[in-house]
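Visitor: I would like to go through this model with you and ask what stands behind the terms used for it.

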Amino acid sequence: MDTEDGADSGSSSGGNMTTVSQHTFGDKFDKPAFTISIIENMKEEYGLFVWPCSVILAEYVWQQRLQFSGVSVLELGAGTCLPGLVAAKLGLDVTLTDDSNKLEVLDNMRRVCDLNQLNCKVLGLTWGVWDESIFTLKPKLILGADVLYDASAFDDLFATVTFLLQNSPGSVFITTYHNRSGHHLIEFLMLKWGLKCVKLIDVFSFMPPNKASGLSGNIQLAEIVLISE
Ligand SMILES: C[S@@+](CC[C@H](N)C(=O)[O-])C[C@H]1O[C@@H](n2cnc3c(N)ncnc32)[C@H](O)[C@@H]1O
């Protein structure tokens, strides 16, 4: 199966469309600093596939690694969790989360961590649900790739993001999303939840050509913080 960054992929097994894709990171195209392997299953959940937004956010984490040095990281709706794994590879303390009900996705996250020999915490975290574990989380960097795709879930997502930002002063939420209908709904919800966008980046401005060539559509990256900060 092709992935958006032109990654290599392994073979399907047992007809269940499971593949392993390889994602490289580095300043020089021909000399990667490291590679992350991801187990994908294109027949199953959204969270078992590496979406383009994830490739972009992972690349951003790599390129901004000096800015993020030493911070604790939480990935929301992580799915195959490429951005979180890049953060872990950079030596950051990483918690990977996805919907508590998606046991197969959470299991796959643990398998992918093992495959890459990375020691991340894996946690069920459903947006808008206040399980005990969320109160102990104090990440400085909150990541979310392609988590703004279903407008009916935006309020729950922003409720969780706002709680995490309030629980960890000085933290930032960085998200990549397909801007299908303008930024208006997101702007409205940010205002409603007391959030502001401090950076809005056209992702083609920083993606290396070999990864950008597989991307299409209007994908943006936003850095979001509390208005009060
Ligand atoms: C489009 S996929 C993106 C996955 C991954 N971040 C990527 O970009 O490859 C959306 C992810 O959000 C998760 N998700 C959807 N609704 C959720 C909810 N209410 N709470 C937590 N996670 C949710 C899905 O399980 C899925 O992993």
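Visitor: At what angle do helix 1 and helix 2 pack, and how far apart are their axes?

Guide: This is a predicted model, in which local features need pLDDT of at least 70 and side-chain atom pairs count only at pLDDT 80 or more, while totals for chains, interfaces and linings use all residues. Residues are numbered from 1 along each chain as its sequence is written. Helix 1 (residues 52-63) and helix 2 (residues 82-89) pack at about 20 degrees, with their axes 7 Å apart.

Visitor: Why is helix 1 called roughly parallel to helix 2?

Guide: Angles under 35 degrees count as roughly parallel, and the angle here is about 20 degrees, so helix 1 is roughly parallel to helix 2.

Visitor: Which residues make the contact?

Guide: Taking contact as C-beta atoms, placed from the backbone, within 7 Å, helix 1 contributes Ser54, Val55, Leu57, Ala58, Val61 and Trp62, and helix 2 contributes Leu82, Pro83, Val86 and Ala87. By class, these residues are nine nonpolar, one polar and no charged.

Visitor: What makes the protein chain as compact as a globular protein of its length?

Guide: The globule rule is 2.2 Å times the number of residues to the power 0.38, and the radius of gyration is taken over C-alpha atoms. For 229 residues the rule gives 17 Å, and the radius of gyration of the protein chain is 17 Å, so the chain is as compact as a globular protein of that length. Its C-alpha trace spans about 50 × 35 × 35 Å along the principal axes.

Methods:
Axes fitted to C-alpha atoms, helices over the stretch in contact; angles between N-to-C directions. Helix = DSSP H or I, 4+ residues; strand = E, 2+ residues; numbered from the N terminus. Parallel < 35°, antiparallel > 145°, perpendicular 65-115°, else oblique. Contact = placed C-beta atoms within 7 Å. Nonpolar A, V, L, I, M, F, W, Y, C, P; charged D, E, K, R; others polar.
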